[in-house]
Structure formats: structure tokens, C-alpha cells
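Welcome to this guided tour! Open your viewer, get your mouse ready, and follow along one selection after another.

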Amino acid sequence: MTHGYNATSIEVICTQAEVTKGGFFYYFKTKEILGVEVIKHYWDIRKQQFAEADWMSSASPLEQIEAFLMVVADVFMSDPNGYSCIAGSFAQELATTNSMFQDCVATIFAEWADQIKPVIQAATPSHITIDIDHLTDHLIVVIEGTLILALARQDRNVIRQQLGLLNMNLQSLLHQ
């Protein structure tokens, strides 16, 4: 769906998938259900990519944060289908108008934050008072914003640059 969810008709989907409308509706009662399944499938692939990268094997939590961000950069920079996040794209297009998509994307972002949250908690010195939930949300915001900027500039290198800067900022904050 290179033109976005709303601009892609069921007819276009059926043509691209080489299925009849009857075949489409046999598996999906609505285009909305297909969209949610696409997002979930996308997230399953991303979770597998992050798990296979073994970023948690680094010795310290600060090294794990850096490894996590480098894995994220590598995953998006090497994606042959482009370097945007389908969940982020759906959120931008539909979250304010469709609660099913909003719930799905919010759940994915929460799961993604939950992957790094224990590491950030472990890396946070006891003398620093910081809301870990807000910090992990910030991490997701910067990653998603980075992908938008890279897409707007049509420059994959933006991903590594911005996530490197995010890492530098986190390392500075958490290494006090």
C-alpha cells in the first residue's frame, strides 16, 4: 500500500494479491481487519529481527542500550521494502479516526518500549530521578521521528546518525 491505507481500495489489494474479491472476503471480513493483521504480521517480523540480533548479550546496561539502538538502525537501514515503520505510518494516517488501528499501534509501541524498559531501568543510577516510562516513550518517539526524517530526505544514513545521537544523549544522561 504505497499510497496509504485510505487511498488503497479493496480492488487494488485484490489485484496486487491476485485474488478475487470473494477470496478476499473469505479471509477478511473488512479491509480494516486486513490492515490490523498486516500491522501485527509486520510487528512479528520486527520482534523476530530484534530477538535474533541478541543485543541483550552485551556486558552492561549502557552497552545494551547502544546495541539496541544499533540493531534498530541496522534493521531499518537494511529493509529492502523501505525504511519506514508500518506501525508509525498507520498511526499517522489512522490513529485519530480509527480506534481499532489506534489500539493496535499503541499496543505495538508499548511492547517495543517494554523490550528496552528493564535495560534503561538497570542503567539508571539510583541518584537520578527519572520516569522510566516517559524515557522509553521518548526513545520510541525519537526512533519514529528519525524514520520520518530519513524518509522525507530519502536518506537512510539519517537513521544511523540520529540513533547515534540518541545513544550519546542517553549515555550522557545515564552515566552521571
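Start by selecting helix α3, residues 31–52, together with helix α5, residues 86–94. Keep in mind as you look that this is a predicted model. The axes of α3 and α5 come within 9 Å and cross at roughly 145°. Now show the side chains where these two helices touch: Gly 35, Ile 39 and Tyr 42 come from α3, while α5 brings Ile 86, Ala 87 and Phe 90. Colour them by class, and you will find 5 nonpolar residues, 1 polar residue and no charged ones in the contact of α3 with α5.

Next, zoom out to the whole protein. How many helices and strands does the protein have? There are 8 helices and 0 strands. If you trace the chain along the sequence, the pattern reads α-α-α-α-α-α-α-α. Along its principal axes, the C-alpha trace spans about 60 × 30 × 30 Å. Try colouring by accessibility: 39% of the 176 residues count as buried. Look also at which parts of the sequence meet: among contacts with a separation of 6 or more, 68% are between residues 24 or more positions apart.

Now select helix α6, residues 99–123, and helix α7, residues 132–153. Their axes lie 9 Å apart, and the two helices pack at an angle of about 125°, so α6 is oblique to α7. The crossing of α6 and α7 is right-handed. On the α6 side, display Phe 109, Trp 112, Ala 113, Ile 116, Lys 117, Ile 120 and Gln 121. On the α7 side, add Ile 132, Asp 133, Leu 135, Thr 136, Leu 139, Ile 140, Ile 143 and Glu 144. Sorted by class, the residues of this contact of α6 with α7 are 10 nonpolar, 2 polar and 3 charged.

For the last stop, pick out some cysteines. Select Cys 104: is this residue buried or exposed? Cys 104 has a relative accessible area of 10%, so this residue is buried. Why does Cys 104 form no bond with Cys 85? The sulfur of Cys 85 is the closest cysteine sulfur to that of Cys 104, but the two are 11 Å apart, which is too far for a bond. A disulfide is a covalent bond between the sulfur atoms of two cysteines. The structure as a whole holds 0 disulfides. Finally, jump to Cys 14, which counts as buried because its relative accessibility is 5%, under the 20% cut-off.

Terms used
Residues numbered from 1 in each chain as written. Predicted model: local features only at pLDDT ≥ 70, side-chain atom pairs only at ≥ 80, totals over all residues. Heavy atoms only, no water. Disulfide = S-S within 2.5 Å. Buried < 20%, exposed > 50% of the residue type's maximum accessible area, 1.4 Å probe, protein only. Axes fitted to C-alpha atoms, helices over the stretch in contact; angles between N-to-C directions. Helix = DSSP H or I, 4+ residues; strand = E, 2+ residues; numbered from the N terminus. Parallel < 35°, antiparallel > 145°, perpendicular 65-115°, else oblique. Left-handed = near helix turned anticlockwise from the far one by under 90°. Contact = heavy atoms within 4.5 Å. Nonpolar A, V, L, I, M, F, W, Y, C, P; charged D, E, K, R; others polar.
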